[in-house]
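Trainee: Got a minute? I'd like to go through this one with you before lunch.
Mentor: Sure, put it up and ask away.

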Amino acid sequence: MSVRLAVETIAARAASRLSRLVGTGGGTTLPGKLLWKLDPGAIDALAARLPQGAAVVSATNGKTTTTAMAAEILEPTWRLAWNRSGANLVSGVASTLLAERGAELGLLEVDEGALPEVIRRVRPRALLLGNLFRDQLDRYGELELIVERWRAATAALPPDAVLVVNGDDPQVGDLARGRNGAIAFGIDDPQHARPTLQHAADSRYCVRCGKPYEFAAAYVGHLGDYRCPHCGHERPELQVRATEIELDGIEAASFTLETPAGSIRVRLPLPGLYNVYNALGAAALAQTLGTPLEEIRAGLERFGAAFGRFERIAVGDKGLLILLIKNPAGANEVVHTLLEGGAPTLLLVALNDAIADGNDVSWIWDVEFEPLLGRTERLIASGDRAAELGVRAVYGGLDEEALEVQPDIERALDRGLELTPPGGELVVLPTYTAMLALQQIVTERGLVKPYWERT
Amino acid sequence: MKIRVGHLYPDYLNIYADRGNIAVFDRRARLRGHELEVTAISVGDDVRPGEHDLLYIGGGQDREQALIAPDLAAKGPAIKEAAAAGAALLAVCGGYQLLGRGYVDRHGTSLPGVGLFPHETVAGDRRMIGDVLLECELEPGELRTLAGFENHAGRTRLDPGAEPLGRVVAGFGNDGESGYEGCRVVRSIGTYLHGPLLPRNPWLADWLLAQALGHATGAEPHELEPLPDRLEAEAHAISAQRARDRGGRF
């Protein structure tokens, strides 16, 4: 380590302790921001110190969960520098590399927009790209702009790095075309295909010629087995696949994981096809890092969901089930999963519009809430844009009598718990900052530990 | 009364939850005892003037807009004929751009337009993104506000003498400098505002429905009976406040 880097590192670590002491939460990105300001090149040096190099994960949906699954698989083998708090901008990556001094392998979840910068600096040995859906258009601009950034990111990958892509996503799969040693993963189980593409599906037009794709199977949003009847552009050959999928309501998903190293049956303790995609990505990534199939299976089966994405919390004799919603594709999967498990009649939905949620709340109209609204006897709309959410629900067919608007999240939570019968579970669908607010409330009430103290 | 809506390119132009606008037309028409019949008009389908009381076109990304632009330009004369015969029209974002004379995207590619609205659009380097608040006067003496969200690279310049939809109270508007947003030609409204636009601005939905009913019956449009709109008003107030607090400006 250079003298300069050493001095900056000490200053930044001190900032982390300070931020935790003053209670601004986990000290997640402050030291990284400081280091980034002092010397952006320091991140390159920190990453270069990792003896096993680094693996990077990005996607619109599921990147936190996928990275956490990969961590569960890899942790028995290596000491990881893993940004588990979900701080996934350049500053978050810097903070993680700073904090984990003795780490052997970097495991970094990275924001879609920050990917080219992180790839250029960290020079990972493996890059996993999961999916691209419309998300926070107010922050990122158009989906095409993200595709361009990802193209720049893959071009900046070291030549011997392994690119792992979701072959079921036309835009993402295409990024691996012509790259040596690239791995494509996907689902091969037409039994679980949806009858039609969801409303406002992305990437339904051929990346090459612009004509509509034909989908032999669509699994999650536009993810599936596509082919352009006009120019023949089609899903690449899959090296890592999930077959013979069995969905067990909101409890679990089982599937056969087929890889070049053999096949194995996995029971994932998380629901839904979208989590099968997350598991496939984590498995493919771990395999490129040399993990044996049995260890991959064991890691996936041990997995407990990532912070707030799917979380069950006991509150006395009642329970909370928290499922993050943040964009149409992800929220549609949450709705689908709830329907599979027997839809709840009481629901708390919390919509905030901070930068991390998206200032633009129009996406709630692209979510297929309707099947859920048809069975809801009581909907508590909460968050800064509670009224907007209420309008959405009523225009979507909810009886106005069934709606309660309570912008304050703590009061909404208490109201929801009051309406939940003993032994029952309150389903809460928060956007990102609403989820953070919920986390804080349940932490302050002593129901769970702060996330930075969890093991 | 049946109100016939032609929804242009719902499979291509749907980036900002355009179906929310359709849902608002539908519910508000039903609550007044009318029926809304929505037909999709996509690539290769004809627009037959007189068959629709209300045309709707939403927004897409540059890629989708480029895919439908030639088809839309071919439909241009029929759309203009329908509007001239009194059909109401709402165009949002990308649809608003393409109903002008044309659009030059960020790669410098020119897309032909319909020429219904007297304007031209050229993509700029910086996107104009944020909450917006407008003040409108569609009927003389009736000042109303519209609250929404904008996200566009295009700078739309109205011809001299063209009627904007409203004055920008907060946000960028057509080009970030003129102080105006959108465009109106008789019963046709074009705007960058999504959010979607109508759920939190139900008065505009009612105005468009009244125009559409006028076309359907052949009578002069008259105001629809008001609805309570308590939640809608709350949603509008928060959105308007957002625009005042954090609306975009250069």
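Mentor: One term before we start: two strands pair if DSSP finds at least two bridges between them. Also keep in mind that this is a predicted model.

Trainee: Okay. So which order do the strands take in the open sheet of six strands in chain A?
Mentor: The order is E12-E13-E17-E14-E15-E16 in chain A, and the pairing is mixed. Strand E12 (310–315) and strand E16 (403–405) of chain A sit at the edges. Each has a single partner strand, so one side of each has no neighbour in the sheet.

Trainee: And how much are neighbouring strands turned against each other?
Mentor: On average 20° between neighbouring strands of this sheet, ignoring direction.

Trainee: Do you have a pair from inside that order? How do E14 and E17 of chain A run?
Mentor: They run parallel: strand E14 (residues 346–350) of chain A is joined to strand E17 (residues 425–430) of chain A by four bridges. For a residue to click on, take A:Leu348, which stands opposite A:Val428 in E17(A).

Trainee: What about E10 and E11 of chain A, parallel or antiparallel?
Mentor: Antiparallel, with seven bridges between strand E10 (residues 252–259) and strand E11 (residues 262–268) of chain A. A hairpin of two residues links E10(A) to E11(A).

Trainee: Which residue in E11(A) is the bridge partner of A:Ala253?
Mentor: That's A:Leu268.

Trainee: Switching to chain B. How many helices and strands are there?
Mentor: Chain B has five helices and 12 strands. Its C-alpha atoms fill a box of roughly 45 × 45 × 35 Å along the principal axes.

Trainee: What does the radius of gyration of chain B agree with?
Mentor: With a compact globule: for 250 residues that would give a value near 18 Å, and chain B has 17 Å. In addition, 54% of the 250 residues of chain B count as buried.

Trainee: What share of the contacts in chain B comes from residues 24 or more positions apart?
Mentor: 73%, taken over contacts with a separation of 6 or more.

Trainee: Last topic, the contact between the chains. How many residues does each one put in?
Mentor: Chain B gives 29 residues and chain A gives 24 residues. On the side of chain B that touches chain A, helix H1 (19–31), helix H2 (62–84), strand E7 (119–139), strand E8 (142–158) and helix H5 (230–246) each supply at least two residues.

Trainee: And how do the residues on that side of chain B divide by type?
Mentor: Into 13 nonpolar, seven polar and nine charged.

Conventions: Residues numbered from 1 in each chain as written. Chains lettered and ligands numbered in written order. Predicted model: local features only at pLDDT ≥ 70, side-chain atom pairs only at ≥ 80, totals over all residues. Contact = placed C-beta atoms within 7 Å. Nonpolar A, V, L, I, M, F, W, Y, C, P; charged D, E, K, R; others polar. Rg over C-alpha atoms; globule rule 2.2 N^0.38 Å. Buried ≥ 20, exposed ≤ 12 C-beta atoms within 10 Å, placed from the backbone. Axes fitted to C-alpha atoms, helices over the stretch in contact; angles between N-to-C directions.
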